[in-house]
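Work through the following exercises with the sequence and the three-dimensional view side by side, and try each task before reading its solution.

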Amino acid sequence: MEIITIDSFNSILSNPNNSIITMKYKKPKLIENSNGEITKIFYPKKRWHSSNRRRPYALRFYKNAELLLTHGIKAPHITSLKYCPDIKTHMITYKKIPGENVRVLMSQGAKFITDVAKYIAILHQKGIFFRALHLENLLYQNGEFTLIDIDDVTFKNKPLSLRYRYRNLKHMFLVNEDKKTWNPQSVKDFLQVYFQITPLSFLSKKILSLFLINLNGSKHKMIII
Ligand SMILES: Nc1ncnc2c1ncn2[C@@H]1O[C@H](COP(=O)(O)OP(=O)(O)OP(=O)(O)O)[C@@H](O)[C@H]1O
Ligand SMILES: [Mg+2]
């Protein structure tokens with residue numbers, strides 16, 4: 001990890017060759033560099049009890065990128081990790097991944113449901129619990145997915161339990177920005193493919209279907225398993 005001064009930090013932000021892609025809390029969050037790389041900035045958390053103090057999110061991102069690769073899952077290829085102690089801020093730079101984010105693709109028609117369902121079933125079989133699972137955090141090109149936004153990933157040494165599968169899928173189906181994509185029919189279509197490559201018992205499949213289809217119809221929203 002490279003330690004940088006506040007001046008170098010500011011010069012990266014003010015470099016005219018770099019363009020700010022997203023802001024968070026009025027601060028630059030993602031920057032695209034002129035050489036086709038992306039820099040993500042991790043500011044310190046305000047909450048004193050945040051786990052970021054013990055295990056900074058940037059370091060988790062770094063470690064998770066390595067671990068995902070060892071599990072055969074594509075993730076950002078990190079080229080540098082910097083830390084500015086003056087403002088307790090980390091910067092991670094990684095290669096821009098070609099392709100489109102899956103939220104955009106799915107909003108153009110549901111033709112990607114099969115591919116997405118297969119991919120997520122594989123993640124779950126590998127015991128990967130990607131907490132920020134939602135369509136915008138998946139990039140897709142030529143039949144291949146890449147996970148981004150990977151600072152919160154748990155690796156189990158066996159396929160995910162029913163409870164974790166439910167939590168993860170529920171999170172994805174309830175994301176506000178994807179309300180138009182996920183409806184009882186598309187969730188059903190998704191689960192049909194997901195179950196094809198998930199060796200769950202008949203009862204477990206029934207339970208997941210019961211709790212996940214109609215999730216947006218508030219009836220099952222509060223059920224926690
Ligand atoms: N390596 C990459 N290659 C191509 N596009 C990327 C890459 N990283 C991010 N993006 C684009 O930028 C968007 C936002 O990136 P990301 O999900 O990492 O940040 P975020 O959601 O704003 O961050 P956070 O949730 O941590 O606040 C992505 O949906 C994607 O479109
Ligand atoms: Mg994101």
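Two strands are said to pair if DSSP finds at least two bridges between them. Strands of a sheet pair through backbone hydrogen bonds, either parallel or antiparallel. The model used here is a predicted one.

**Exercise 1. The six-stranded sheet**

Determine the order of the strands in the open sheet of six strands, and state which strands stand at its edges.

Solution. Step one is to follow the pairing from strand to strand, which gives the order E1-E5-E6-E4-E3-E2, with mixed pairing. Step two is to look at the ends of that order: strand E1 (2-3) and strand E2 (19-24) each have a single partner strand, so one side of each is left without a neighbour in the sheet. Step three is to look at a pair inside the order, where strand E5 (residues 78-84) and strand E6 (residues 89-95) run antiparallel and are joined by six bridges. Within this pair, leucine 81 has isoleucine 92 of E6 as its bridge partner. As a last step, add the helix that lies across part of the sheet: helix H1 (residues 6-14) lies across strand E3 (27-32), strand E4 (37-42), E5 and E6, and it runs at about 45° to E6.

**Exercise 2. Two hairpins that share a strand**

Describe the pairing of E2 with E3 and of E3 with E4, and find which residues in the two hairpins take a positive phi.

Solution. Begin with E2 and E3, which run antiparallel and are joined by five bridges; here isoleucine 20 stands opposite isoleucine 31 in E3. The hairpin of E2 and E3 has two residues between the strands, and tyrosine 25 takes a positive phi near 50°. Next, turn to E3 and E4, which pair in the antiparallel sense over three bridges, and note that isoleucine 31 has threonine 39 as its bridge partner in E4. The hairpin of E3 and E4 has four residues between the strands, and glycine 36 in the turn has a positive phi of about 80°.

Finally, examine the surroundings of glycine 36. Because its relative accessibility is 30%, glycine 36 counts as partly exposed. If its neighbours within four places in sequence are left aside, glycine 36 is in contact with Lys95 and Lys96.

**Exercise 3. The magnesium site**

Identify the protein donors of the magnesium ion (ligand 2), and explain why the pair ties together parts that are apart in sequence.

Solution. The first step is to name the donors, which are Asn137 (OD1) and Asp149 (OD), lying 2.2 Å from the ion. The second step is to place them: asparagine 137 lies in the loop between strand E8 (128-130) and strand E9 (138-141), and aspartate 149 lies in the loop between strand E10 (144-147) and strand E11 (153-155), so the pair ties together parts that are twelve residues apart in sequence. The third step is to judge accessibility, for which the cut-off is that buried means under 20% relative accessible area. At 3% relative accessibility, asparagine 137 therefore counts as buried, whereas aspartate 149, at 25%, counts as partly exposed.

To relate this site to the previous exercise, compare two positions: glycine 36 and aspartate 149 are 113 residues apart in sequence, and their C-alpha atoms are 18 Å apart in space.

**Exercise 4. The three-stranded sheet**

Work out how E7, E9 and E10 are arranged, and which helix lies across E9 and E10.

Solution. First, read the order of this open sheet, which is E7-E9-E10 with antiparallel pairing. The edge strands are strand E7 (100-101) and E10, each of which pairs on one side only. Then examine E9 and E10, which are joined by four bridges; glutamine 141 has glutamate 144 in E10 as its bridge partner. Lastly, helix H4 (residues 113-125) lies across E9 and E10 and runs at about 55° to E10.

**Exercise 5. Helices that pack together**

Classify the packing of H6 with H7 and of H4 with H6.

Solution. Two packed helices are described by the angle between their axes and the distance between the axes. For helix H6 (residues 184-196) and helix H7 (residues 202-212), the angle is about 160° and the axes are 11 Å apart. Angles over 145 degrees count as roughly antiparallel, and H6 and H7 are therefore roughly antiparallel to each other. Their contact includes Val187 and Leu191 of H6 and Leu208 and Leu212 of H7.

For H4 and H6, the axes come within 8 Å and cross at roughly 50°, which makes H4 oblique to H6. Among the residues that make this contact are Ile120 and His124 of H4 and Phe190 and Tyr194 of H6. H4 passes H6 in a right-handed crossing, and H6 passes H7 in a right-handed crossing as well.

Note on methods
Residues are numbered from 1 along each chain as its sequence is written. Chains are lettered from A and ligands numbered from 1 in the order in which they are written. This is a predicted model: local features need pLDDT of at least 70, side-chain atom pairs count only at pLDDT 80 or more; totals for chains, interfaces and linings use all residues. Side-chain values use heavy atoms; hydrogens and water are left out. Donors are N, O and S atoms within 2.8 Å of the metal (3.2 Å for Na, K and Ca); water is not among the atoms, so sites may look incomplete. Buried means under 20% relative accessible area, exposed over 50%, partly exposed in between (1.4 Å probe, protein chains only). Contact means heavy atoms within 4.5 Å. Axes are lines fitted to C-alpha atoms, for helices over the stretch in contact, and angles run from 0 to 180 degrees between N-to-C directions. Angles under 35 degrees count as roughly parallel, over 145 as roughly antiparallel, 65 to 115 as roughly perpendicular and the rest as oblique. A crossing is left-handed if the near helix is turned anticlockwise from the far one by less than a right angle, and right-handed if clockwise.
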